[in-house]
Structures are given as structure tokens and as C-alpha cells.
Protein chains: 2
Amino acid sequence: MFGGYNRRYKHFSPTLGCSMNFHIYFPPSPPSSPSPKFPVLYWLSGLTCTDENFIVKSGAQRAASKEGIALIAPDTSPRGLNVEGEAESWDFGVGAGFYLNATQEKWKNWRMYDYIVKELPNLLAENFPQLDTARHLYLSVSAFAPIGNPVNCPWGQKAFTNYLGGNKADWEEYDATCLVAKFHDVSATILIDQGEDDKFLHNQLLPDKFSEACKKHGVPVLVRLQPGYDHSFFFIATFIDDHILHHAQALNL
Amino acid sequence: MFGGYNRRYKHFSPTLGCSMNFHIYFPPSPPSSPSPKFPVLYWLSGLTCTDENFIVKSGAQRAASKEGIALIAPDTSPRGLNVEGEAESWDFGVGAGFYLNATQEKWKNWRMYDYIVKELPNLLAENFPQLDTARHLYLSVSAFAPIGNPVNCPWGQKAFTNYLGGNKADWEEYDATCLVAKFHDVSATILIDQGEDDKFLHNQLLPDKFSEACKKHGVPVLVRLQPGYDHSFFFIATFIDDHILHHAQALNL
């Protein structure tokens, strides 16, 4: 696709205790460099998604091809564990891992934080010499319609209560608005696009809370409200090129 | 999306005797022209598709927005009629209308030719003043991995036998390779992209038959074999911009 190719991989994850799929888009090798090492952009999908949605719907491969960036699209939760209640709602359980390490016994397999931050990067480093996995993770960050302050919205409160228990101090470890107060040594501007017609904007996503916290702590952030756009992949497809270019510039490609 | 918007419409089709869906992508209006009339590009999907696949997967809206072209994505067959056997195979019946007018009693509702060539353009003209439907249809034509010579391939033979009966002269009315011998007053070059790794290339699609007929009859055609590409929407997404630009040039936009 766009001179490169999409590949889907399946592996057993010791972190999660189940088989997991992920996709990689490999950009084309430039003629001048037959064995390049491609910088890596992780796409962490949101509620209900698998590793496929972004690969099929975003059109991100166009800009990734042009900029020579590899795209990594993991899944959003463990699957196939048959934990009671795991598939009862679309905002919790399967397809809704919230990229945290659960502490409650029932959801002990939900360790997407460790999977994404540790296991998957190590697996890529060991198996894909064409990926430049030696760089630090998350040198540059951006998001589409993120859950900006989950401790203060129904999605987050439901998930954190079940995964992490009732101690709200534990929740703050996985809330960007809380975290930016503690870790504000961020050099690259955080780019956020948010559709103004997104029906989740005012009760779930709360980007203002995050941008206020960023401003308070000197973290560079650019929140772009996009009129006429909703929460769909059409919104993502429209602005994904800007995000990939944003990361390419931050990485000095 | 890309400054414009996708809309899905549902209507009862007298031609087909059932309800039909179609999508339109409306490009943004240029600031200099608040009430423009957009030229129209029909996308006729292939086997198994609905009106949704192209809108979700192709990324065509990017170039359509830039060129100011509206995209029309109809469905590929009647649906919901419950004709015995209509859903038994993916290459015949539902999702496989072949854009013909069936003559066999059992499939009498399969009149996608009239639906696409007559009913739908009239419906658009009556309901969408912002579309420039006064132009002749098919001033410029292109295709991705088309069934170039259906009378000579298994897909076509199965469909034509069932829809049209056993008289092969009737089949030729819906075969591009046969038609180009009769109607060769084609001014705009026909652009065809074809993946070299498409598993249907050599036994079903037969683009060489079509391009040979074009050459014989002086019809301008450009068949581009694309190495490494298969029959998927990833292939279409990679080259759709070229097709939209091709039509924009042919229409003198």
C-alpha cells in the first residue's frame, strides 16, 4: 500500500495471558538506502477497536509512506479469556483496555500498559531489525478525541473502578490530566484534534481539562477543535496526515 | 470529511422493486462560489460490496475534495427480496448485480443497468441541485481490476447464464471487450489499474482481452499493472487519487 505493505502478526502475550494480534505498516525502502531502519509510530486505538480499524480506515499509510515511518497498530485489550462480563458493554472489558495495569483480581489479565510499553516494544526489537526501536518511546505524542481526564468522566470512572478498585489516587496514574502535573518535562508539542460535533466531547472527553493542566504546568499542547467533525474514522482520516507530519518533524526526519 | 461530508440515502427503487441505499460525498464549496454545481463521479463497486465499502475504505474523499468532485456510491444489487438462492454465493445474486438487466423470470428484479444509468441519475437531478447532473454520463471512465471480458470467465459465465439465459449474443451487451468493438467513439482515455498479485487476474479479470480490443478499435486505454498489489481496498486506496485526477482532467476542471 503506497509502495509499502501492511502485515498482521499474531503472538502469545505472557503479559496478558492470551494471543494477541497487531498490524505493522512498513513503508517502502528508499532507493538510496536498501536496508533502512524506520522510525516507529504507535497508534493506540480507542474503545471498541481492534488492531484492524486504523489499518483499514485511516489512510495513514499514505503519509507514513512519504515520511518513511512504520506504523504499529496493537489491539485494545486481551481477548478470548472468557472473563465473566468481559463483553457485556462496549466501554469496558474486551475492546476497552484503557492501557492500564489492572489491580483487581477478576481483571488481572488486563495489563495493557505493560503490554504496550514493555512487551510489544521488546518483541519488535527482537523480531524486526528494519524498525528503529532503539529510540526512546513517546518522543512525540498526539491524539484524536482522547479521553482527556478519565477520572472525571463516566467511561473512566466505570473502567477505573472495576480495573483498579476504589482508591482514586490509583486512578491518577492513568489520567493524562493528572499525570501532566507530575511529569511536565515534555519538549515536543502534544497535538490533539477534536471534532466539535463529537457527541462525547462534553461529557466524556474533556479536552479542556487536559489543555488547562498543560498550560498550568508549561507543557506545550495544541488542541484543534474541528467544526463539523464527529467521533468517526472519517474525522481521523481527514487529519491523520497532519499528525504524521507532526511526528516526522519532532523526530527530525 | 476533508471539508465536505458523506451522506447515506435510502429510497424505494421502482426499477428494482426494493429499497436501496447509496452514499454521496459532497466536497466543500469553494469560498468564491457559495452555490456551486459539483461534477459527479459514480463509483460502481464490485462483487460482495455494498454502498459503504468505498466510502469507508478508499480515502477517495481527499482527492474529490481537492478537485471539487461529488462521489456517488450506489449498492451493487437489489437486496431484501428473498429470491431463493440469492445469497448462496458471493459471486452471484445479492452483492453481485453485474450492472445488467436480467431477462430470466426468477431474477427479474436484477435491473442494475437501468437503476444505475436511468433511475439514479434522474433521482439525483431531481433532488440535488448542487450536483451537475446535466452533463452526459460517462464522459470519462476508469476502473480498478475490472472483469474485462466476462463472457470468457467463470464469474461472468455463471452470472450471465442465470441472469440472461443461454444465448451468448445477449451476454455481449454487458461485456466491455465485446462492446468496445461496437461503440468505439471514446475520446477520453480509459484508465485501468490492475494489481499483479491479484489472485483473480489470470482466470477472471482478463484485462489483456479488453486492452487488445481497445487497441484494435482505436479506443485509448491505459492499463497499469501494479507490482505487489492484490485485489484489496489497500490497492484501490493507493491509486484512487490518480483516477480522480484523471477524471478531473478529462472534465476540464
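**Two domains, two chains**

Modeller: The centres of domain 1 of chain A and domain 2 of chain A, taken over C-alpha atoms, are 19 Å apart. This is a predicted model, where local features need pLDDT of at least 70 and side-chain atom pairs count only at pLDDT 80 or more, while totals for chains, interfaces and linings use all residues. Residues are numbered from 1 along each chain as its sequence is written, chains are lettered from A and ligands numbered from 1 in the order in which they are written, and side-chain values use heavy atoms, with hydrogens and water left out.

Biologist: How do you know where domain 1 and domain 2 of chain A begin and end?

Modeller: The bounds come from an automatic or database domain assignment, and for chain A that gives 1–133 for domain 1 and 138–253 for domain 2.

Biologist: What makes residues of domain 1 of chain A count as in contact with domain 2 of chain A?

Modeller: Their heavy atoms have to lie within 4.5 Å. By that rule, 36 residues of domain 1 of chain A touch 26 residues of domain 2 of chain A.

Biologist: And how much area do domain 1 and domain 2 of chain A bury between them?

Modeller: About 2,500 Å², with 75% of it on carbon and sulfur atoms. On the domain 1 side, A:Phe92, A:Phe98 and A:Leu100 lose the most area, together 21% of what that side buries. Buried area here is the accessible area (1.4 Å probe) that two parts lose on being put together, summed over both.

Biologist: Why is the pair A:Lys158 and A:Asp91 called a salt bridge?

Modeller: The rule wants a side-chain nitrogen of Lys or Arg within 4 Å of a carboxyl oxygen of Asp or Glu. A:Lys158 and A:Asp91 have N to O at 2.6 Å, so the pair qualifies. Between these two domains of chain A, the count is 1 salt bridge.

Biologist: What about salt bridges across the interface of chain B and chain A?

Modeller: There the rule finds 2. One of them joins B:Asp241 and A:Arg62, again at 2.6 Å, N to O. The two chains bury about 1,300 Å², and B:Met1, B:Arg62 and B:Phe234 supply 42% of chain B's part, more than any other three residues.

Biologist: Why are the two copies said to be related as by a two-fold rotation axis?

Modeller: Superpose them by least squares on the C-alpha atoms of residues with pLDDT of at least 70 in both. A rotation of 180 degrees with 0.0 Å of shift along its axis puts chain B on chain A, RMSD 0.0 Å. The copies are therefore related as by a two-fold rotation axis. In chain B, the C-alpha of B:Lys57 is the nearest to the axis, 2.7 Å from it.
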